[in-house]
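Me: Could you take a close look at how the strands are laid out and covered in this model, setting that part in the context of the rest? A connected account that I can follow with the structure open would suit me best.

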Amino acid sequence: MGVALTRAAQWTAAGFGTGTLELTPLNEAILNDIIKFVETFSVKYSQEAEFVFKEPLEWKTTLEPSEFESGYIVSGTTVQSEENSKDGQPLLLLSGNDIKVSSFGQLSRLLHLAKDKKLKETQACLEANRDPVVKILGAGYGTVEGEDLSTIRFLDKMKKDDDHENIKMKISLLLQQLDMLLLNNSLKHISLEIRLNPSVVKNDVDLLKHFSGKGEQTVLESIDYTSDFEFANGCRAPPWRQMHGEICYLIVKPHDCDSICLTCSTAGVFVNGGIENEAHEIDYERRSEIYKDLVTFLREKSAKFSENMSKQKLSFFGGKKKEKKKLKSITEKEEIPNLPKASLVLQKSPSEKRRMVRKLEPSLKWTSSIIPQQKKESAKESQDEKSILSTTDKPKSVSPSTSAGKTQSSSRRKSSIKIEDLISESSSESEEDEEQPDHRQEGQTDLPSEYWQIQKLVKYLKGGNQTATVIALCSMRDFNLTQETCQLAIRDVGGLEVLINLLDTDDIKCKIGSLKILKEISHNSQIRRTIVDLGGLPIMVKILDSPDKNLKCLAAETIANVANFRRARRTVRQHGGIKKLVELLDYAQSKTEPMHRHCLYETKDVEVARCGALALWSCSKSHANKEAIRKAGGIPLLARLLKSSHENMLIPVVGTLQECASEEHYRAAIKAERIIENLVKNLSSENEVLQEHCAMAIYQCAEDEETRDLVRQHGGLKPLAALLNNTDNKERLAAVTGAIWKCAICKENVTKFREYKAIETLVGLLTDQPEEVLVNVVGALGECCQEQENRVIIRRCGGIQPLVNLLVGTNQALLVNVTKAVGACATEPENMMIIDRLDGVRLLWSLLKNPHPDVKASAAWALCPCIENAKDAGEMVRSFVGGLELVVNLLKSENKEVLASVCAAITNIAKDQENLAVITDHGVVPLLSKLANTNNDKLRQHLAEAISRCCMWGRNRIAFGEHKAVAPLVRYLRSKDTNVHRATAQALYQLSEDANNCITMHENGAVKLLLDMVGSPDEVLQEAAAGCISNIRRLALATEKAKYS
Amino acid sequence: MYTVDRKRLQKLKDSISKSSKHFTSYEIECLIKIFYTFLGETTEKQGSIGIDRNAFRNILHTTFGMTDDMIMDRVFRGFDRDNDGFVSVTEWISGLCIFLRGSLEEKMKYCFEIYDLNGDGFISREEMFHMLKNSLLKQPSEEDPDEGIKDLVDITLKKMDHDHDGKLSFVDYETSVREEALLLEAFGPCLPDSKSHLEFEAQVFKDPHDL
């Protein structure tokens, strides 16, 4: 009891003399245990119950004398028990509030009397008697910290063989039993309720901070400490508050309620009185219940928090887990020294209890000390085992439904891989989840006969020597390894482990045989994942070093298959695979060494390089790998291989280049290594796949201006144009049209294309093609349309109708290109007639409602030439119901490109007086004025043009002045762009018709800037600037005249 | 010994060079030298005609890393063309010619002869069983320890017996090996593995100028 009371029970801090027991759940539990012990004492141990305490236990009671019943002598405020000790003293004496009890018998009777005050009485008793054992048995039995002499003491006492002493010893033993019980029980409590410490709080706050901020998805709006200063012990509370166990104060703003000021103390988290404004002091008073930690508290307080928490649970706890690992080691270090003299059980507890609580397992299992992550892994393993077992134990048949299900899952896998590639490398968590469906195999189907045969072969692989292994491997290859049943059978009987193990042996034949199988079955995505899980990739990377070329080839080919998903690619890179693969590329160059000439399993050097390129192609789908290939010096090697004439070699080489060309560095290197020339050469190859990849590579590289010229100089445009005529292979067609699109950005290339009649062909491709092709075709036409001659060609070949028809599509990229092309066509009045007849303007107009800003902007740009060139443009525009309002409202967009394009459209719309009146009514003036403060030159130019147009109506000039658009406009004159100057000068000229605007301009120093512009070679600018100055000057003269007259 | 007999050596070399297509005359000289070194090591008797069975097996074991007794015996027989119980210098060179440098055809022929234990032109089921009997780890749990071997023989026949007559003719064997080169040594290693092969050549053919 002594140890439990001093150690486990929670006494209020820093008390002198009689401390008080806090009413915490732990203390309550201890008290209840003591009560139970005392109450049953007299029944269980009647002899010991009569034992008279060395000193009576004294405390202040709340019991009234009236509550004592038979067996007591009640007289006024004093109560005496009828039972007396040997020397005549009553065993229970109550006088006033003070009560003295000197036997267990009396104690238990008292507790019976106290009924519902039991707890209070026990508490008072223990508070008054901090070490009851001493009082009961004498000083010799006191709780001595650190040493336990009780057994020795018992031995001494036994010798005396005294009845009285025997009883004393028995009581002492009983009390020690109770002590142990109390300690154990309190431990359970402690473990259920973690005491917070600074590092835990800090981690929680850091994590929550990570997930806080603006937006719907975050868990909190903000979470901050009240103080930036952190004491060495990790607390932020002032020292005098640390005495009370307080760690720090937080201000938390959840999404759905006001900000809360919190205290984090060792006992838990609660709301305090908040910051008092005048003093910046925190009102430390507790205003809420105590919650066990921050997250629990916030869950309780904010519904939004718990909702978003559950959404972010995965990532949150994923992060938390790692943190916890660290944290655990910290707490272990920290807490053990705090309890140096505590019993062994207690010493163990701090780390244990935290683990248990974190895992949210209420039971007290000392053995379950595996850390969560390990546990997860082991669980996963056992899951794996289970799936293997279930498949081996229960016979299955392959019903069509399961195989269908499998293909479905594998197709889903494919799409998921694509997504994986898009997201950044760092989040491995999601990927692990993707892998889960693998293990969902229902054990209801019968197994095919292949399954048993494969199982037998795997058995021979395991238990055979090299000869038997080779036979088994060769025999296994006779199965249709491209069939999923066989692939999965190999995996399910544990064949993959054996095959991978074989790779680690010395025997070349076994390695070759094993790789030949792995190469085949690694076409299956599940097998790929298992190979990576089993650590197959590092071994294969190591095999790349082998002197045997055949082995190298097979290893590289297998890597090429396996590295089809991100984690695998990363593994290859991390084990130095990229460098080794790049080295393989060098093989084609090096002369064959005579030593290998006689090699039995001869393969050509070219084949080695090909396999290397194949593996690099797979690997190059990851960004970091592209970088690694470049660093390993892969580009010159690829460039050299590109000169080869082996088609099989060229495809992976060009494939790798095409993958990598998405990187800026690569495009520069590709240019430098004169790769374009060879890409162009291979466009004329016979092989469609090769053509496709070459075109694709050109498509990627032709983003660069110089490259576009290079393609032309190397005569690449003609083969590209020629390839347009073959429309059967859609992938190739998409790549070719893409290359043409990018090349057509260059004017000279367009001329060439016209020469090759490519434009006519492109128009022919506007119908019945998949979207990937259409996007590129329309993009190419859009570029071609920049020239008048081509616009005529398109009209003549009937290209306008299909283009306008495409305006109703949904593909964003396609719409952007189509609008651009239609817009370009519309610059030709004759084309415009056709577009108008086809109702193309209405279609364009409705695209302004498209959710994608790119489409909106592109549509608005396209509208400009339409309005400009349409007959009765004003009438046409008015005919669109709600059209003008829609345009004006787009001025509220946040996208600069959209704004610029809409300004341009407004400029054109405003050319019609009636329309100008309508848009003025829709509030175009304030919206335009609001945009005036911008640094974007493109927007400035079109905005100034729009303002200058809109000045032409009513009192718009004055309104612009009132909406403070004039001063920013003057600043536009300081821009470096002449187009901005011209548009601004025109706008200012229009605005200067109003006297107030003139004053604003003058105040903002417009005159000097305009004077410079008068000297510009641009006549329009000259004229506008001069006009504006003359208006300002005239006003000045008029005022002077007024002054003197 | 050979230093004394320089003239004889030269003559021998010339005569062998004519018949051996895979070795250069320098290599032949080296091989002759190594032959006499082996011979000197193993036999005390002067002027013995060649390396005897035990000595040859010893060479196979230490130099080429072979372990299977039966196969080594067969290799000895393969080398010992005239069946006199000794591998003479000529037999040594012509044997190594295939052993180290043989074309696929030569090697197939050589291996097939090794595996055709009774020399009847077929590798029968029994012969296979005999050659494979030590190839599987004996599992004590299995009732018939030979069952695995029998099964392995069946598997092999299924894989290699193209005319389905229950035994492997040379044509069967050749077809299978051309399909899958790994099957060349299907019934046990009878050619040096590439590592000891390279080591042997490096050691024997090393340029005297490098010394």
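Reply: A residue is called buried here when its relative accessible area is under 20%, and exposed when that value is over 50%, with partly exposed in between. By that criterion, buried residues make up 47% of the 211 residues of chain B, in what is a predicted model throughout. Chain B contains four strands along with 10 helices, and read from the N terminus its elements follow the order α-α-β-α-α-β-α-α-β-α-α-β-α-α. When contacts in chain B between residues at least 6 apart in sequence are considered, 60% of them join residues at least 24 apart.

One residue of chain B illustrates such a link: B:His22, in the loop that runs between helix H1 (6-19) and helix H2 (25-42) of chain B, has its C-alpha 6.1 Å from that of B:Arg101, although 79 residues separate the two in sequence. Beyond its neighbours within four places in sequence, B:His22 is in contact with B:Glu27, B:Cys97, B:Arg101, B:Gly102, B:Ser103 and B:Glu106. B:His22 nevertheless counts as partly exposed, because its relative accessibility is 24%, which lies above the 20% limit for burial.

The strands you asked about can be followed in chain A, beginning with an open sheet of five strands in the order E1-E5-E4-E3-E2, with antiparallel pairing. At its edges lie strand E1 (52-60) and strand E2 (72-75) of chain A, each of which pairs on one side only, and the twist from one strand to the next averages 10 degrees. Going inward from the E2 edge, E2 and E3 of chain A pair in the antiparallel sense over four bridges, with A:Val74 standing opposite A:Val79 of E3. Two residues lie between these strands in their hairpin, where A:Gly76 takes a positive phi near 65 degrees. Strand E3 (residues 78-81) is in turn joined by three bridges to strand E4 (residues 92-95) of chain A, the two running antiparallel. A:Val79 appears again in this pairing, since its bridge partner in E4 is A:Leu94. Helix H4 (residues 104-114) of chain A packs on this sheet, where it touches E1, E2, E3, E4 and strand E5 (98-103) and makes an angle of about 130 degrees with the direction of E5.

Further along chain A there is an open sheet in which five strands, again paired in the antiparallel sense, are ordered E6-E7-E8-E9-E10. Here the edges are strand E6 (222-225) and strand E10 (281-286), each pairing on one side only, and neighbouring strands are turned against each other by 35 degrees on average, direction ignored. Within this sheet, strand E8 (residues 260-265) and strand E9 (residues 268-276) of chain A are paired over four bridges in the antiparallel sense, and A:Ser265 stands opposite A:Gly268 of E9. Helix H9 (residues 198-210) of chain A lies across E6, strand E7 (246-253) and E8, running at about 145 degrees to E6. Helix H11 (residues 294-301) of chain A lies across E6, E7, E8 and E9, and its direction is about 150 degrees from that of E8.

For context away from the sheets, chain A also offers packing between helices. The axes of helix H54 (residues 978-991) and helix H57 (residues 1019-1044) of chain A come within 8 Å and cross at roughly 30 degrees, so the two count as roughly parallel, given that angles under 35 degrees fall in that class. Their crossing is left-handed. H54 contributes A:His981, A:Arg982, A:Ala985, A:Gln986, A:Leu988 and A:Tyr989 to the contact, while the contributions of H57 include A:Val1020, A:Leu1021, A:Ala1024 and A:Cys1028. By character, the residues of this contact divide into eight nonpolar, four polar and one charged.

Burial in chain A can be seen at two further places. Seven of the nine residues of helix H25 (residues 566-574) of chain A are buried, among them A:Arg566, A:Arg567, A:Arg569 and A:Arg570. After H25 comes A:Gly576, which has a positive phi near 70 degrees. A:Asn687, in the loop between helix H32 (675-683) and helix H33 (688-701) of chain A, is classed as buried because its relative accessible area is 18%. With residues up to four places away in sequence left out, A:Asn687 touches A:Glu647 and A:Ile651.

Conventions: Residues numbered from 1 in each chain as written. Chains lettered and ligands numbered in written order. Predicted model: local features only at pLDDT ≥ 70, side-chain atom pairs only at ≥ 80, totals over all residues. Heavy atoms only, no water. Pairing = 2+ DSSP bridges. Axes fitted to C-alpha atoms, helices over the stretch in contact; angles between N-to-C directions. Contact = heavy atoms within 4.5 Å. Buried < 20%, exposed > 50% of the residue type's maximum accessible area, 1.4 Å probe, protein only. Parallel < 35°, antiparallel > 145°, perpendicular 65-115°, else oblique. Left-handed = near helix turned anticlockwise from the far one by under 90°. Nonpolar A, V, L, I, M, F, W, Y, C, P; charged D, E, K, R; others polar.
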